[in-house]
Amino acid sequence: MRGTNLLHPRLQAIAAELLEKCKTAGYAVAITSTLRTAAEQDELYKAGKSKAKGTDYQSGHQWGVAMDFCQNVKGANYPANSRPFWAGVGRLAETLGLRWGGTFKSPDRPHLEIAGLMPNGSTAALKRQYGTPEKFMATWGGADVPSPPPDGGTSPGGGGKGAARRTLSKGASGADVKEMQTLLIKAGIAMPKYGADGAFGTETLNAVKMFQTLKKLAVDGVCGPKTWEQLTVS
Ligand SMILES: [Zn+2]
């Protein structure tokens, strides 16, 4: 699970509004799945849990424009016989401009996506316009987007703490690589295959790139002073 703060700004706002509406309507709802990496999406594809291939960027989850929900009730997160719950939340979501997966040909009841950004339920338009999720995310910064809090000397661990660290790139290994991986995971970037293993491979490269994209840093996949700083303040 990953925070809604990694979603498209519009979906973040909609998610907050939806949770509020659900509360009012008496539905206990939790958001379970938000942003996915290509590697994570491919794992789901291989496991038969999704029809969308990660490398083709077919899932709205990879573009930050989709999220999944469940019932926030222990032992009954996915109530099979509770159509009223799924449809009830689905209808509320639709009033907020989302498309509900329960209306799909093969229903995916926990799924919600921004209808306007996925015409016909497809990521093809996003792919055509932006190419990759990273490039799309780079456009998210704008006047309507809440800017991240300043990370000046007042924030714990800030103020150039990262400057003393070694710059890490693909092929590096060691305790500092492991520390960087641990911080990436803590920041919500999943590394499902190798985790924090202390070796900077392709999975770590993609994780660093995603982190840099989200933090609006130069996306070079190299963990230098600026990336370290963002990692250690977050
Ligand atoms: Zn979904």
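This report describes the fold of one protein chain, from its overall make-up to its sheet, its helices and one residue near its end.

## Overall make-up

The structure is a predicted model. Its chain contains eight helices and four strands. Followed along the sequence, these elements appear in the pattern α-β-α-β-α-β-β-α-α-α-α-α.

Of the 234 residues in the chain, 32% are buried. Among contacts with a separation of 6 or more, 58% join residues that are 24 or more positions apart.

## The sheet

The four strands form an open sheet in the order β1-β2-β4-β3, and their pairing is antiparallel. β1 (29-33) and β3 (98-100) each have a single partner strand and stand at the edges, so one side of each has no neighbour in the sheet. From one strand to the next, the twist averages 35 degrees. As a general principle, the strands of a sheet pair through backbone hydrogen bonds, in either a parallel or an antiparallel sense.

Individual bridges show how the strands are aligned. β1 is paired with β2 (residues 66-71) in the antiparallel sense, over four bridges. Within this pair, A30 stands opposite C70 of β2, and S33 has D68 of β2 as its bridge partner. The pairing of β2 with β4 is also antiparallel. It extends over three bridges, and A66 stands opposite E113 of β4.

## Helices on the sheet

Which strands does helix α1 touch? Helix α1 (residues 9-25) packs on the sheet and touches β1, β2, β3 and β4 (111-114). The direction of α1 makes about 150 degrees with that of β1. Helix α3 (residues 83-95) lies across β1, β2, β3 and β4, and α3 runs at about 155 degrees to β3.

## The contact between α1 and α3

These two helices also meet one another. The axes of α1 and α3 come within 10 Å and cross at roughly 135 degrees. An angle between 115 and 145 degrees counts as oblique, and α1 and α3 are therefore oblique to each other. Their crossing is right-handed.

Which residues form this contact? From α1, the residues L18, K21, C22 and A25 meet G88, V89, L92 and A93 of α3. Sorted by class, the contact of α1 with α3 has six nonpolar residues, one polar residue and one charged residue. In general, an α-helix has 3.6 residues a turn, so residues three or four places apart point the same way.

## Helix α8 and residue K226

Helix α8 spans residues 225-233 and includes K226. Is K226 buried or partly exposed? K226 has 15 C-beta neighbours inside 10 Å. A residue is buried if it has 20 or more such neighbours and exposed if it has 12 or fewer; K226 therefore counts as partly exposed.

K226 lies 14 residues from Q212 in sequence, and the two are 9.4 Å apart in space, C-alpha to C-alpha. The buried residues of α8 are T227, W228, E229, Q230 and L231. The cover over these buried residues includes α6 (175-186) and α7 (202-214).

Methods: Residues numbered from 1 in each chain as written. Predicted model: local features only at pLDDT ≥ 70, side-chain atom pairs only at ≥ 80, totals over all residues. Pairing = 2+ DSSP bridges. Axes fitted to C-alpha atoms, helices over the stretch in contact; angles between N-to-C directions. Contact = placed C-beta atoms within 7 Å. Parallel < 35°, antiparallel > 145°, perpendicular 65-115°, else oblique. Left-handed = near helix turned anticlockwise from the far one by under 90°. Nonpolar A, V, L, I, M, F, W, Y, C, P; charged D, E, K, R; others polar.
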